[in-house]
Amino acid sequence: MAALADLAMLVRLKFWEMKSADAWEETPEIYTSSVAVITGALERFYDLLESSEKLETPSALVASYREVLKSNQISESLRGIIGEALSRDGLRNAIDRGYDVIFRQLRETGEDSGITDPYSNKRGRGGDTALLWLFFHRLKRFSEADYELVLERVKPLMRASGMLRYVDPYADGYLNPGYFFEDHEVVPSEMTKVSQPVKGNYIRQAFGTRYTRYIEDVFGKDFPAQWSLGVIVSVQAYASMADWFPQSARATEYRKKARDYFLKMLAMVTPGP
C-alpha cells in the first residue's frame with residue numbers, strides 16, 4: 001500500500017515539474033537523475049500491469065493495487081486518486097512527461113535545467129555524479145547513444161582519488177576539506193597553503209557567502225571532495241553497457257572499463273600493507 005501511495009503521490013504532484021532539494025543542495029531544481037528514477041519505477045509498474053493480464057497469479061504489487069481499488073479500509077477519494085494516477089492512461093502520460101524532461105535536460109545541460117546560482121550568478125551544473133544512477137535500472141526508451149551521453153556528462157568529473165560531485169559553478173568549495181571540522185577546530189596545517197591557523201567556522205562562513213578567493217587561498221584551486229562512490233558506480237555503469245548492448249562495436253571497451261574501474265575501486269577500499 002505504501003509503495004502504491006508513494007507512486008500515486010508523485011504522479012499527482014507532477015514529479016516532472018517538481019523542484020527538489022535535499023539538505024546538501026544549494027538551490028531547489030528539477031534534477032534529471034531524480035526524474036529518471038521515478039520514470040523508471042513507473043515504467044516497471046506499467047509493465048507489471050500489462051504482463052499481469054496474461055498471468056494466472058499477478059505480482060504482489062499488482063495484486064495489492066487491485067485490492068486497494070476495492071478496499072473499504074481507505075476513503076473513496078484516496079482510492080480515486082490512486083486509481084486515476086496509476087491507471088494505464090495516467091501512467092503513460094506521467095512516463096511521457098518524465099522522458100520529455102530527461103531527454104531535454106540531459107542534452108541541453110546535464111543534471112539540471114540551467115539553474116542560476118544565487119551567489120555566483122552562473123548557470124547550469126552540467127555533469128553531476130548523480131547521473132550515474134541512471135544505470136541502476138535501464139530506461140526502456142534510452143538507446144546506447146543516450147547512455148553514452150550520460151557517460152560523457154560525468155567524464156570531466158573523474159579525478160585520481162574519485163569523482164567530483166559536480167564542476168562549475170559549484171566547485172567553489174563544495175565539501176572542501178575544512179567543511180568536516182567543528183567550528184572551534186583548527187584545520188591541520190599540512191592541509192592548507194597558508195601560514196596562519198584556519199578554523200572550521202572560517203571555512204563554512206566563506207563557503208556560505210561564496211567567498212571563493214579565501215577558500216582558494218587556503219586550499220588551492222583543486223580542493224573539492226573526490227567521491228569514491230563515483231568510481232564504484234562507474235563499475236556498474238560500464239558493466240551495464242556491456243550487458244545491455246552486447247552487439248555494440250564498443251562492447252569490448254565497455255567490459256575493459258568496467259574491469260579498470262573495478263580494480264581502481266579495490267585499490268581505494270582495500271587497506272595497504
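Two residues are in contact when they have heavy atoms within 4.5 Å of each other. Keep that in mind as you work through these exercises on a predicted model.

**Exercise 1. Get your bearings**

Work out how many helices and strands the chain has, and in what pattern they follow each other.

*Solution.* Start by counting: the chain has 10 helices and two strands. Next, walk along the sequence, and you read α-α-α-α-α-α-β-β-α-α-α-α. Then check burial: 44% of the chain's 273 residues count as buried. Finally, look at the contacts between residues at least 6 apart in sequence: 66% of them join residues at least 24 apart.

**Exercise 2. Two helices that cross**

Find out how the axes of α2 and α3 cross, and which residues make the contact.

*Solution.* First locate the pair: α2 covers residues 32-52 and α3 covers residues 60-70. Their axes come within 9 Å and cross at roughly 85°. Angles from 65 to 115 degrees count as roughly perpendicular, so that is what α2 and α3 are to each other. Now for the side chains: α2 brings Phe45, Leu48, Leu49 and Ser52 to the contact, while α3 brings Leu61, Val62, Tyr65 and Arg66. Sort that set by type and you get six nonpolar residues, one polar and one charged.

**Exercise 3. The two sides of α3**

Stay with α3 and decide which of its residues are buried, which are exposed, and what covers the buried ones.

*Solution.* Burial means under 20% relative accessible area, and in α3 Val62, Tyr65 and Val68 are buried. These residues cover an arc of only 120° around the axis, so they sit on the same side of α3. Turn to the other side and you find Ala60 and Lys70 exposed. The cover over the buried residues includes α1, α2 and α4 (76-85). Put this beside Exercise 2: Val62 and Tyr65 are buried, and they also belong to the contact with α2.

**Exercise 4. Checking α9 and α10 with a ruler**

Compare the end-to-end spans of α9 and α10 with what is expected at 1.5 Å a residue, then see what their buried residues pack against.

*Solution.* Take α9 (228-244). With 17 residues at 1.5 Å a residue, α9 should span 24 Å, and its end C-alpha atoms are 25 Å apart, which agrees. Now α10 (residues 251-269): its 19 residues reach 27 Å from first C-alpha to last, close to the expected 27 Å.

On to burial. The buried residues of α10 are Ala251, Tyr254, Ala258, Tyr261 and Met265. They cover an arc of only 85° around the axis, which puts them on the same side of α10. The face turned away from that buried side carries Thr252, Lys256, Arg259 and Ala267, which are exposed. Among the buried residues of α9 are Val231, Ser234, Tyr238 and Trp244.

Last, the neighbours. The buried residues of α9 pack against α6, β1, β2 (162-163) and α10. For α10, the cover over its buried residues includes α6 (144-154), β1 (158-159) and α9.

**Exercise 5. Who does Met158 touch?**

Place Met158 and list its contacts beyond four places in sequence.

*Solution.* Met158 belongs to strand β1. Leaving out neighbours within four places, Met158 is in contact with Met163, Val231, Ser234, Tyr261 and Lys264. Two of these link back to Exercise 4: Val231 is among the buried residues of α9, and Tyr261 is one of those in α10. Also note Thr129: it is 29 residues from Met158 in sequence, with the C-alpha atoms 9.3 Å apart.

**Exercise 6. From a loop to α7**

Find where Val186 and Asn201 sit, how far apart they are, and what each touches.

*Solution.* Val186 is in the loop between β2 and α7 (200-208), while Asn201 is in helix α7. They are 15 residues apart in sequence and 9.3 Å apart C-alpha to C-alpha. At 46% relative accessibility, Val186 counts as partly exposed. Not counting residues up to four places away, Val186 touches Phe181, Pro197, Val198 and Lys199. With the neighbours within four places left aside, Asn201 is in contact with Glu182 and Asp183. Phe181 comes up again here: its C-alpha is 8.0 Å from that of Asn201, 20 residues along the chain.

**Exercise 7. An unusual phi**

Say what is notable about the phi of Lys14, and where this residue is found.

*Solution.* Most residues other than glycine have a negative phi. Lys14 is not a glycine, yet its phi is positive, about 55°. The residue lies in the loop between α1 (2-12) and α2, and at 41% relative accessibility Lys14 counts as partly exposed.

Notes:
Residues numbered from 1 in each chain as written. Predicted model: local features only at pLDDT ≥ 70, side-chain atom pairs only at ≥ 80, totals over all residues. Heavy atoms only, no water. Axes fitted to C-alpha atoms, helices over the stretch in contact; angles between N-to-C directions. Parallel < 35°, antiparallel > 145°, perpendicular 65-115°, else oblique. Nonpolar A, V, L, I, M, F, W, Y, C, P; charged D, E, K, R; others polar. Expected span 1.5 Å × (residues − 1). Buried < 20%, exposed > 50% of the residue type's maximum accessible area, 1.4 Å probe, protein only. Arc of directions from axis to C-beta.
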